[in-house]
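Q: I would like to learn how to read a model of this kind feature by feature, beginning with the chain as a whole and moving on to helix packing and single residues. Could you give the general idea each time, and then the case at hand?

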Amino acid sequence: MKHEKNNESPTPASLKDKQRAIRQGFPENLALRVHRSISWLQRAEREEGDQDAAFIFLWIAFNSAYAEDIPEASPSGERTNFDAFFERILAVDIDHRIYDAIWDRFSRSIRLLLDNQYVFQPFWHFQNGIDGYEDWEDRFAKSRRRIGLALQNRDTRLILTTLFDRLYVLRNQLVHGGATWNSSVNRPQVRDGAAILGFLLPLFIDLMMDNPSIAFGAPYYPVVE
């Protein structure tokens, strides 16, 4: 079915105005997620000259939107959370706004990120001498083949999950001190990652507000009076 394309992403200000107008109808968990996520999105918007800071603030905004309070969280658990979140969001994206962003606006940037070994965690496990990752190149080749099929089939959910898996590696590099601020070494990843997050995240938040019946678990650190 054909649909009218909307190649724009809501601004943080427009999301805040919308949230104030309709928040009375939000379930408590959704209200807290949206409020926190928009606040960090607004903070990221002020970092036009600092891509590292913008990426970190955008990731906090994303974390506020998707994360659930699951005991003993692990990297694999985070990836499971990504996939569950994207399943919910894509199910209500009837206008295919996320689809259009991935396949039309950011197709080239996403392909480059997914083809970059420096945001592929097994590569770093091998570099750090962790046993069992001597075959990282084979794993990377398999991942590239899987991504190629997903791109060919326009499998938006698989591409989103894989993309955010790679962005999670970049997030870890920055947050855990594994990169130099404003380094030229990782500039393409940080630049493209911030641009992709900065466009997709407002779409996610907008869809969450339009669909308050989406079931979310308890967020991290709920407000306690």
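Q: What share of the 225 residues of the protein chain counts as buried?

A: Burial is judged from relative accessible area, with buried meaning under 20%, exposed over 50% and partly exposed in between, using a 1.4 Å probe and protein chains only. Of the 225 residues of the protein chain, 46% fall in the buried class. The model is a predicted one, in which local features need pLDDT of at least 70 and side-chain atom pairs count only at pLDDT 80 or more, while totals for chains, interfaces and linings use all residues. Residues are numbered from 1 along each chain as its sequence is written, and side-chain values use heavy atoms, with hydrogens and water left out.

Q: Which secondary structure elements does the protein chain have, and what does the radius of gyration say about it?

A: Elements are DSSP runs numbered from the N terminus, helices being H or I runs of at least four residues and strands E runs of at least two. In this case the protein chain has ten helices and zero strands. The radius of gyration is taken over C-alpha atoms, and the globule rule is 2.2 Å times the number of residues to the power 0.38. For the protein chain the radius of gyration is 18 Å, close to the 17 Å that the rule gives for 225 residues, so the chain is as compact as a globular protein of that length. Along the principal axes, its C-alpha atoms fill a box of roughly 55 × 45 × 35 Å.

Q: How much of the contact in the protein chain is made by residues 24 or more positions apart?

A: Contact means heavy atoms within 4.5 Å. Among the contacts in the protein chain with a separation of 6 or more, residues 24 or more positions apart account for 77%.

Q: At what angle do helix H2 and helix H3 pack, and how is such an angle read?

A: Axes are lines fitted to C-alpha atoms, for helices over the stretch in contact, and angles run from 0 to 180 degrees between N-to-C directions. Angles under 35 degrees count as roughly parallel, over 145 as roughly antiparallel, 65 to 115 as roughly perpendicular and the rest as oblique. Helix H2 (residues 28-45) and helix H3 (residues 51-66) pack at about 170°, with their axes 8 Å apart, which makes H2 roughly antiparallel to H3. Residues in this contact include Trp40 and Leu41 in H2, and Phe57 and Leu58 in H3. Nonpolar residues are Ala, Val, Leu, Ile, Met, Phe, Trp, Tyr, Cys and Pro, charged ones are Asp, Glu, Lys and Arg, and the others, Gly among them, count as polar. By these classes the contact of H2 with H3 has eleven nonpolar, two polar and three charged residues.

Q: How do H3 and H10 cross, and with which handedness?

A: A crossing is left-handed if the near helix is turned anticlockwise from the far one by less than a right angle, and right-handed if clockwise. The axes of H3 and H10 come within 9 Å and cross at roughly 30°, and the two helices are therefore roughly parallel to each other. The crossing of H3 with H10 is left-handed. Among the residues that make the contact are Phe55, Trp59 and Phe62 of H3, together with Leu197, Leu201 and Phe204 of H10. Its classes are twelve nonpolar, three polar and three charged residues.

Q: Which residues of H6 meet H10, and how are these two helices oriented?

A: Helix H6 (residues 107-114) and helix H10 (residues 187-210) pack at about 130°, with axes 10 Å apart, and they are therefore oblique to each other. Their crossing is left-handed. Ser109, Ile110 and Leu113 in H6 meet Gln189, Asp192, Gly193 and Ile196 in H10, a contact with three nonpolar, three polar and one charged residues.

Q: Where is Phe140, and is Phe140 buried or exposed?

A: Phe140 lies in helix H8 and is buried, with a relative accessible area of 7%. Not counting residues up to four places away in sequence, Phe140 touches Leu114, Asp115, Asn116, Gln117, Phe120 and Arg166.

Q: What is the sign of phi in Arg154 and in Asn182?

A: Arg154 has phi near 55°, a positive value in a residue other than glycine, and is placed in the loop between helix H8 (136-153) and helix H9 (156-175). Asn182, in the loop between H9 and H10, likewise has a positive phi, near 60°. Arg154 is partly exposed at 40% relative accessible area, and Asn182 counts as partly exposed at 45%.
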